[in-house]
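User: I am new to this structure. Please explain the terms as they come up.

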Amino acid sequence: MTDAVLMLQEENISNHHHLVDTSVPSGELAFTSSSSGEHQNSVNHLEILLGQQNQKAASATENQQAIQDDIFVIAPAVEKKKQEEFTSIPTSSSPKNERRLAPSFVSVERREEDNIKYNKPQWVPDEGSMRCTKCDAPFSLILRRHHCRGCGKIFCNGCSNHYLLLPEDFEYSTVQRTCEDCYKKLSTINFSLEYETFGSSEKPTIVFIHGAMGNRRMWQPQVAHFAKEYHVIALDLPSHGARVGSQLTMGNCLETVREVIKREVPEGKKVVLVGFEMGGLISLLFAQENTLACRALICYSCVAPADQFVLGPLSALSSILPDMFVGTLFEKFFPEQKDELSRCFLRSGFNYKSLPECAEMMVNAGGYDFEAAIELQQIPILFIHGEKDNRKNEYSFMEYARKGRLHIIKGTSAFINLHPTHLHEFNEVLSEFLTSIPPPTSP
């Protein structure tokens, strides 16, 4: 590793800082350590790696082009470039022990590149439907009509509360409301699979866990990057992706991760968990409860347990102004990631209706002792986020980490893994960390 490392000792997180400049030899990772007696007096040394954006600009461009030519974007390229076989399980509606074997990445997910043509539907007139098309509930001043943008039929709010960016033939540029049938038909997710595995299980395993309202498709660039050298698992959490309709609780999330690892990872082999936002907290708690299952954690833009006064009004607002909210949110706050967010996040389905559940779970997460979960970890933990993401809670988490590392990517905020400029640095930071940790063998 050629970057200079700034060892930041924070005497007081809200006051001044003392900076000590040091160097880390190529290929090495230095971890901070702490003891419980030091926590009240000082914060651990924080390692903030300076991103080499100028040096990596050319390689980032090449990497972006490689991803566009890789397994997820252009179907003809996939057909020419055979990948290793991988196994996946069906959804819970199928027999529990049934498994499917897919011959290549191309059969896993549906994409617009499959040359499927759609006709934009004619909307059913309001006066032509007095009841919800699905549940047959009568419309009234309280139960209002909503048109599904996929089929043009009229539904109540509960039967059309699914959102995704529709294929280009529908001529919408933002996320749109659909009924459940159109959501599953038009999403790029394969709803017969609740998670996917890529690469040989004999290789080191990485498990990717998405954040609130997302799904496993948000990790497409990382799957393309890591599946050549690692056994990669990308899963859907309860109430998200192919698990939509299941109950979202912290316990159910932990059980989902546990079950996937049990099914797909050889006994005694340890995994690396990569969690985004809410998925970061799930990773921390999972490692605490399953100490022999993990060899390292990567918490990406990890959130802190939420305050009811913040998430409560947000959930209420989302139910009042859903179309306006979801239609402009990402374009307004993440304009540079618009294309990749559309391809990897919004086209698969934005699980907007899970926001109240996510809010409740994050508020309830305040009952967990995350500092204790971190302090008990004897494994390396990488915290990574964008400079503009303002994740101050990670500084607090670093105080308790025995083998913690903090990497801040300059000039960006959230969704770094989908950012056209910073995607390469994000993948390289993860790669460097993964090659530095102990092998995935049992103790």
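The questions below concern a strand, some cysteines and two loop residues.

Analyst: This is a predicted model, in which local features need pLDDT of at least 70 and side-chain atom pairs count only at pLDDT 80 or more, while totals for chains, interfaces and linings use all residues. Residues are numbered from 1 along each chain as its sequence is written, and side-chain values use heavy atoms, with hydrogens and water left out.

User: What makes strand 14 largely enclosed?

Analyst: Buried means under 20% relative accessible area, exposed means over 50%, and partly exposed lies in between (1.4 Å probe, protein chains only). In strand 14 (residues 294-300), 7 of the 7 residues are buried, so the rest of the structure largely encloses this strand. Strands (E, at least two residues) and helices (H or I, at least four) are DSSP runs, numbered from the N terminus.

User: How do you know that strand 13 and strand 14 pair?

Analyst: Pairing requires that DSSP finds at least two bridges between two strands. Strand 13 (residues 271-276) and strand 14 are joined by 6 bridges and run parallel. One of the bridge partners in strand 14 is Ile298, which is matched with Val274.

User: Why is the crossover from strand 13 to strand 14 called right-handed?

Analyst: The term applies if, with the strands pointing away from the viewer, the path from the first strand over the helix to the second runs clockwise. Here the chain goes from strand 13 through helix 6 (residues 278-289) to strand 14, and this β-α-β crossover is right-handed.

User: Which residue of strand 15 is the bridge partner of Ile298?

Analyst: Leu382 is that partner. Strand 14 and strand 15 (residues 381-386) run parallel and are joined by 4 bridges.

User: Why is Cys179 in no disulfide?

Analyst: A disulfide is a pair of cysteine sulfur atoms within 2.5 Å. The structure holds 0 disulfides. For Cys179, the nearest cysteine sulfur, that of Cys182, is 3.6 Å away, so Cys179 does not meet the cut-off. Cys179 counts as buried because its relative accessibility is 5%.

User: How far from Cys253 is the nearest cysteine sulfur?

Analyst: The sulfur of Cys358 is 8.2 Å away, and Cys253 is in no disulfide. With a relative accessible area of 0%, Cys253 is buried.

User: What is notable about the phi of Asp136?

Analyst: Most residues other than glycine have a negative phi. Asp136 is not a glycine, yet has a positive phi of about 70°. Asp136 lies in the loop between strand 5 (100-102) and strand 6 (146-147), and its relative accessible area of 45% makes it partly exposed.

User: Is Ser301 buried or exposed?

Analyst: Ser301 counts as buried, because its relative accessibility is 0%. Ser301 lies in the loop between strand 14 and helix 7 (308-320), and has a positive phi of about 50° although it is not a glycine.
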